[in-house]
Amino acid sequence: MRAWRRVVAVARKDLLLEWRGRDALIPAGSFGLAVLLVLGLVSGGGWEAAPPALWVSLLLAAVVAAGRGADREGEEGTLEALLLYPGSREDLFWGRWLAVCVLLLLLGAGLWGVQVLLFNAPTRGVGVLVLAGLLSAFGLAAVGTLLAALLTHVRAGPLLMPLLFLPATVPVLLAGVRLSEAAASGAPAGPWWGVLAVFDLLFLLVGPALFEVVVEA
Amino acid sequence: MRPFAVGATAALLSVGLFLALWVSPPDSYQGEYVRILYVHVPAALAAYGAAAVACGASALYLWRRDLRWDFVGRAGAELAALFSGLTLLTGMLWGKPVWGVWWAWDARLVTTAVLFLLYVGCLLVRDLADDPERGRRLSAAVAVLAFLDVPVVHYSVVWFRTLHQGPSISLQGVKLAPEFLLPLAVNTLAYLALLGVLLAERARLASLEVER
């Protein structure tokens with residue numbers, strides 16, 4: 001089987017399980033919603049508080065969503081079966097990554113919509129936001145996929161996930177906040193596209209390489 | 001070699017302490033608090049050095065699977081957490097009297113905190129993994145990831161906002177009076193020597209633990 005077909009097969013399997021069980025998107029989305037609500041409450045809910053609230057809620061929701069696929073495989077012991085199939089383990093990474101990307105984009109779109117309503121946020125610059133969302137999803141999914149696989153065989157793995165995920169993804173949080181502000185005000189984006197691009201490049205290169213080491217039996 | 005290295009490091013540390021406490025004059029702006037910096041700056045450099053050693057040794061372990069690299073990587077990760085914690089602590093002790101705040105949302109502070117958290121995570125992954133071999137592999141992966149991520153974190157926070165004074169010593173020249181430079185240089189040397197000795201001792205201890 002060609003590499004891309006293995007990638008699509010793994011992504012399709014993850015998304016199909018998600019569609020049937022909805023055990024990542026609904027808990028992660030509800031959690032993101034709760035974070036958005038709490039942040040809106042304590043910040044007074046003005047529109048200028050909207051970008052930080054949106055990106056913090058997205059990042060926290062991503063912690064929950066990214067861990068779920070690996071949890072499922074840990075619980076059912078299906079990772080071992082997947083590893084037995086012939087072909088490169090990198091394809092497994094890319095398949096999982098693709099599925100997490102789709103989940104993150106859905107989460108981001110949903111949280112963005114709710115944030116517009118809750119914070120009375122401006123809806124200008126949607127093009128900038130879509131591009132920022134895409135680039136962030138690529139990087140976050142790479143970190144999430146790698147860490148989820150890493151923590152599958154670690155006790156208290158779900159507790160360590162945020163400890164490693166949140167500090168590592170600070171650049172995405174800062175870039176996302178500044179790009180959202182730039183989109184709303186029409187101001188120049190400064191170095192933030194570069195930050196996202198470098199972050200993505202780094203984790204899309206290092207992610208698959210470390211993933212292979214991490215999933216070794 | 002070992003007694004010599006330990007002795008030389010102890011001597012350097014004593015000279016450094018003497019220079020910092022008695023020879024260095026108080027700073028015109030920071031007063032006596034400048035003495036904290038003779039621990040703070042060397043500890044920060046030692047933390048970054050330890051993180052670099054942890055990353056390099058971990059990458060070599062993942063590549064060659066030679067246990068000796070794991071011992072060094074483990075020592076590096078522990079010392080990166082220790083020295084970055086010490087950097088944060090001394091920085092806060094210095095920041096309160098001089099800046100008026102314990103903490104500021106400055107790039108170097110946040111970067112050091114991120115470094116500290118990622119290496120704490122690295123050590124936890126090793127201890128909490130299902131079996132020791134997996135722990136070695138997983139924590140090596142985290143050590144590599146953490147070290148590569150930290151520069152990106154640093155620059156993103158620099159651009160977000162910054163307060164920390166610019167570097168006093170750079171390729172453009174030294175903006176530091178000689179009476180402050182000497183204690184700083186000796187203490188930096190002493191802390192790097194301490195890092196080397198602790199790395200070697202910790203790696204040796206790890207190898208003895210495996211032999212037992």
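This report describes the interface, the salt bridges, a nonpolar patch and one buried site in a two-chain structure.

The model is predicted, so that local features are held to a pLDDT of at least 70 and side-chain atom pairs count only at pLDDT 80 or more, whereas totals for chains, interfaces and linings use all residues. Residues are numbered from 1 along each chain as its sequence is written, chains are lettered from A in the order in which they are written, and side-chain values use heavy atoms, with hydrogens and water left out.

**The interface**

Chain A and chain B bury about 2800 Å² between them, of which 76% is on carbon and sulfur atoms; buried area here is the accessible area (1.4 Å probe) that two parts lose on being put together, summed over both. On the side of chain A, the residues that lose the most area to chain B are His153(A), Arg155(A) and Leu164(A), which together account for 18% of what that side buries. In terms of contact (heavy atoms within 4.5 Å), 30 residues of chain A meet 27 residues of chain B. Seven residue pairs across the interface are in polar contact, both residues being at pLDDT 80 or more; such a contact is a pair of N or O atoms within 3.5 Å, where within protein one must be able to donate a hydrogen and the other to accept it, and residues adjacent in sequence count only if both atoms are side-chain atoms. The elements of chain A that give two or more residues to this side are helix 6 (126-151), helix 7 (157-168), helix 8 (170-185) and helix 9, and helix 9 gives the most, with ten residues. Helices are DSSP runs (H or I, at least four residues), numbered from the N terminus.

**Salt bridges**

A salt bridge is a side-chain nitrogen of Lys or Arg within 4 Å of a carboxyl oxygen of Asp or Glu. By this rule there are 16 over all chains, and the count between chain A and chain B is two. Three of the pairs are set out below.

| Pair | Closest N to O distance |
|---|---|
| Arg137(B) and Glu216(A) | 3.8 Å |
| Asp66(B) and Arg68(B) | 3.0 Å |
| Glu78(B) and Arg74(B) | 3.6 Å |

The pair of Arg137(B) and Glu216(A) joins two chains, because Arg137(B) lies in helix 5 (residues 132-160) of chain B and Glu216(A) in the segment after helix 9 (192-214) of chain A. Arg137(B) is buried at 1% relative accessibility, while Glu216(A) is partly exposed at 23%; buried means under 20% relative accessible area, exposed over 50%, and partly exposed in between (1.4 Å probe, protein chains only). Both residues belong to a network of salt bridges that also links Arg65(B) and Glu133(B).

Within chain B, Asp66(B) is partly exposed at 23% and its partner Arg68(B) is exposed at 58%. Glu78(B) and Arg74(B) are four residues apart in helix 3 (residues 67-99) of chain B, and are therefore separated by about one helical turn.

**A buried site in chain A**

Ala61(A), in helix 3 (residues 50-76) of chain A, is buried at 0% relative accessibility. Leaving aside neighbours within four places in sequence, Ala61(A) is in contact with Ala28(A), Phe31(A), Gly32(A), Leu107(A) and Leu111(A).
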